[in-house]
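Visitor: I am new to this structure and would like a close look at one part of it.

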Amino acid sequence: MDGLLLFAHGARDPAWARPFELVAERLRAARPQTPLAMAYLEFMSPGIEEAAEALAAQGCTRVHVLPLFLGTGGHVRRDVQPLLDGLRQRHGNAVEWLLHPPLGEHEAVLQAMCDACLLTLT
C-alpha cells in the first residue's frame, strides 16, 4: 500500500503551518484511501521519524516523501536524505521510501504562483 508523507520546514509560530494543514486536509478528502502524514523538519511535530512510523504502522509498503519546499535548498540537499537513510535502515526492505522533487519545482505549482501574481494586477 502506498502512503504519502508531506514534509515541511516548520516554524515557531503554529499559524505558519495552516496552509500545509489545508493541503493535507484536501488531499485526505480527495484520496481517503491513501494514508497521509504531515511532518516537519524542526520546531513543530511530528518529525519525519514519527510520521513515517505512523505510515508504516498503517501497513504502507511504499511511502512517497514530498518536500513542501519551493526549491532544492540546503534542507532538501543536506537534511532529508540522511533522515530517509535512517528510515531505510530501521525498516529494511519492508518499506520503500521514495523522495520526490520539492513541490515548488513542479510545473503546476510554478504556474499557480504565476497566476496568483497576475491576479494582483487585475
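Visitor: How does L110 rank, buried, partly exposed or exposed, and what is its relative accessible area?

Guide: L110 is partly exposed, at a relative accessible area of 39%; buried means under 20%, exposed over 50%, and partly exposed lies in between (1.4 Å probe, protein chains only). This is a predicted model, in which local features need pLDDT of at least 70 and side-chain atom pairs pLDDT 80 or more, while totals for chains, interfaces and linings use all residues. Residues are numbered from 1 along each chain as its sequence is written, and side-chain values use heavy atoms, without hydrogens and water.

L110 sits in helix α4, residues 107-119 (DSSP runs: helices H or I, at least four residues; strands E, at least two; numbered from the N terminus). With L70 and M113, L110 makes a nonpolar surface patch of about 290 Å².

Elsewhere, four strands form an open sheet, paired in parallel in the order β2-β1-β3-β4 (pairing needs at least two DSSP bridges). Strands β2 (36-40) and β4 (96-99) are at the edges with a single partner strand each, so one side of each has no neighbour in the sheet. From one strand to the next, the twist averages 25° (lines fitted to C-alpha atoms, for helices over the stretch in contact; angles from 0 to 180 degrees between N-to-C directions). Five bridges join β1 (residues 2-8) to β2 in the parallel sense; L5 has A37 of β2 as its bridge partner.

Helix α2 (residues 48-57) packs on this sheet, touching β1, β2, β3 (62-67) and β4 (contact: heavy atoms within 4.5 Å). The direction of α2 makes about 170° with that of β2. Helix α3 (residues 74-91) lies across β1, β3 and β4, and runs at about 170° to β4.

Notes
Patch = residues over 30% accessible without salt bridge, like charges linked within 9 Å, V, L, I, M, F, W, Y side chains within 5 Å. Areas by Shrake-Rupley, 256 points an atom, 1.4 Å probe, with all protein chains shown as cover. Salt bridge = Lys/Arg side-chain N within 4 Å of Asp/Glu carboxyl O.
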